[in-house]
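Reader: I've got a model on my screen and would like to walk through it with you. Can you take my questions one at a time?

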Amino acid sequence: MKLLIVGAGGHGKVCAEVAEKQGYTVRFLDERFPAIKAVEHWEVVGRTSDFSNFVESNQFFVAIGCNSTRNKITSELLTSNAQLVSLIHPKAQVSQYAQVGKGVLIGASAVVNGFSQLHLGCIVNTAAVIEHDVIVRAFTHISPGAIMLGASETGVQAWIGANAVVFPTIKVGAYTILGASSFTNKDLENKSIYAGCPAKRIKETQED
Ligand SMILES: CC(C)(COP(=O)(O)OP(=O)(O)OC[C@H]1O[C@@H](n2cnc3c(N)ncnc32)[C@H](O)[C@@H]1OP(=O)(O)O)[C@@H](O)C(=O)NCCC(=O)NCCS
């Protein structure tokens, strides 16, 4: 099984290790090619825009932390009929009743409980917890140690910071960021940055 990972940064290396544990042979596409031709022991074989040369014989995973860039590249790959996989660390706990979309990373020690949904291109990072009946919409990033409690939701391209907590049934807006170690027990507007305990709106995001 040959896997091309788009993005050979720190997040890409974490994804590559998970992919190897799933039995893939990993190579990278990265914008720094041809200046760099390898990252650690993994070969870099082209830039992102070269992906169409590899579509016939490889599967793909997009390992870009920036939600909007991950969305853009994933859309290009899907338009070209590239086959997108999800990566699930063998030491993550994922309920048989959870729904996991394409292009999703579930990191080491993460927990995804039953009847939750992880939509296209989400990141559930190291040791994050997705409780029951949670909806994580497309291209959202749940950072290391963050907790989405029962029946909470995010809009698309949200970012929940490290160790942040979203209370049960709370809705986090699309393109919205909840800062590291913050918690929210109230719904959060779209396109906003919130931080603190409880979280307060500090500014708008530039994302769209
Ligand atoms: C919330 C966040 C996005 C804001 O970043 P920013 O837009 O650059 O904002 P600033 O750093 O200018 O901070 C603005 C104010 O909010 C405060 N603030 C920022 N993050 C905060 C947090 N997590 N909790 C409480 N207050 C916070 C700052 O102290 C500052 O307060 P001040 O105006 O009184 O000095 C960022 O601090 C954050 O928490 N990012 C998440 C990091 C993370 O989890 N990474 C995981 C990678 S896998």
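Reader: What is the strand order in the open sheet of eight strands, and what is its pairing?

Author: A heads-up: this is a predicted model, so local features need pLDDT of at least 70, side-chain atom pairs count only at pLDDT 80 or more, and totals for chains, interfaces and linings use all residues. Residues are numbered from 1 along each chain as its sequence is written. Strands are DSSP runs of E with at least two residues, helices are H or I runs of at least four, and both are numbered from the N terminus; two strands pair if DSSP finds at least two bridges between them. On that basis the eight strands have mixed pairing, in the order 7-10-13-16-19-22-24-25.

Reader: Which strands stand at the edges of that sheet?

Author: Look for strands with a single partner strand, so that one side of each is left without a neighbour in the sheet. That description fits strand 7 (87–88) and strand 25 (200–204).

Reader: Which residue is the bridge partner of Ile193 in strand 25?

Author: Strand 24 (residues 192–195) pairs with strand 25 over four bridges, in the antiparallel sense. Across from Ile193, the bridge partner in strand 25 is Lys203.

Reader: And where is Pro198 found?

Author: The peptide bond joining Cys197 and Pro198 is cis, with omega about -5°. Pro198 itself is found in the loop between strand 24 and strand 25.

Reader: Where does the other cis proline, Pro34, lie?

Author: Here the cis bond runs from Phe33 to Pro34, with omega near 5°. Pro34 lies in the loop between strand 2 (25–29) and strand 3 (38–39).

Reader: There's an open sheet of six strands too; which are its edge strands?

Author: That sheet has parallel pairing and the order 8-11-14-17-20-23. Within it, two bridges join strand 11 (residues 111–112) to strand 14 (residues 129–130), and Val111 stands opposite Val129. The edge strands, each pairing on one side only, are strand 8 (93–94) and strand 23 (183–184).

Reader: Which residues touch the most other members of the largest nonpolar core?

Author: A nonpolar core here is a set of buried Ala, Val, Leu, Ile, Met, Phe, Trp, Tyr and Cys residues joined through C-beta atoms within 7 Å. Buried means 20 or more other C-beta atoms within 10 Å of a residue's own, exposed means 12 or fewer, and partly exposed is in between, with C-beta atoms placed from the backbone. Among the 65 residues of this core, the ones touching the most other members are Ile5, Ala19, Val124 and Ile160.

Reader: Why does this core lie between the two domains?

Author: Domain bounds come from an automatic or database domain assignment. The core lies between the domains because residues come from both domain 1 (2–85) and domain 2 (88–197).

Reader: What does Ile160 touch?

Author: Contact means that two C-beta atoms, placed from the backbone, lie within 7 Å. Leaving out residues up to four places away in sequence, Ile160 touches Ile142, Ser143, Ala146, Met148, Val166, Val172 and Leu178.

Reader: Is Leu105 buried or exposed?

Author: Leu105 is found in strand 10 (residues 105–106). Leu105 touches Cys15, Val18, Leu87, Ile123 and Val124, not counting residues up to four places away in sequence. With 26 other C-beta atoms within 10 Å, Leu105 is buried.

Reader: Which residues of helix 2 are buried?

Author: Helix 2 (residues 67–79) has 13 residues and its end C-alpha atoms are 18 Å apart, in agreement with the 18 Å expected at 1.5 Å a residue (the rule is 1.5 Å times one less than the number of residues). Its buried residues are covered by elements including strand 1 (2–6), strand 5 (59–62) and strand 19 (159–160). The buried ones are Asn67, Arg70, Asn71, Ile73, Thr74 and Leu77.

Reader: Is Ala151 exposed, partly exposed or buried?

Author: Ala151 lies in the loop between strand 17 (147–148) and strand 18 (153–154). Although Ala151 is not a glycine, it has a positive phi of about 60°. With 16 other C-beta atoms within 10 Å, Ala151 is partly exposed.
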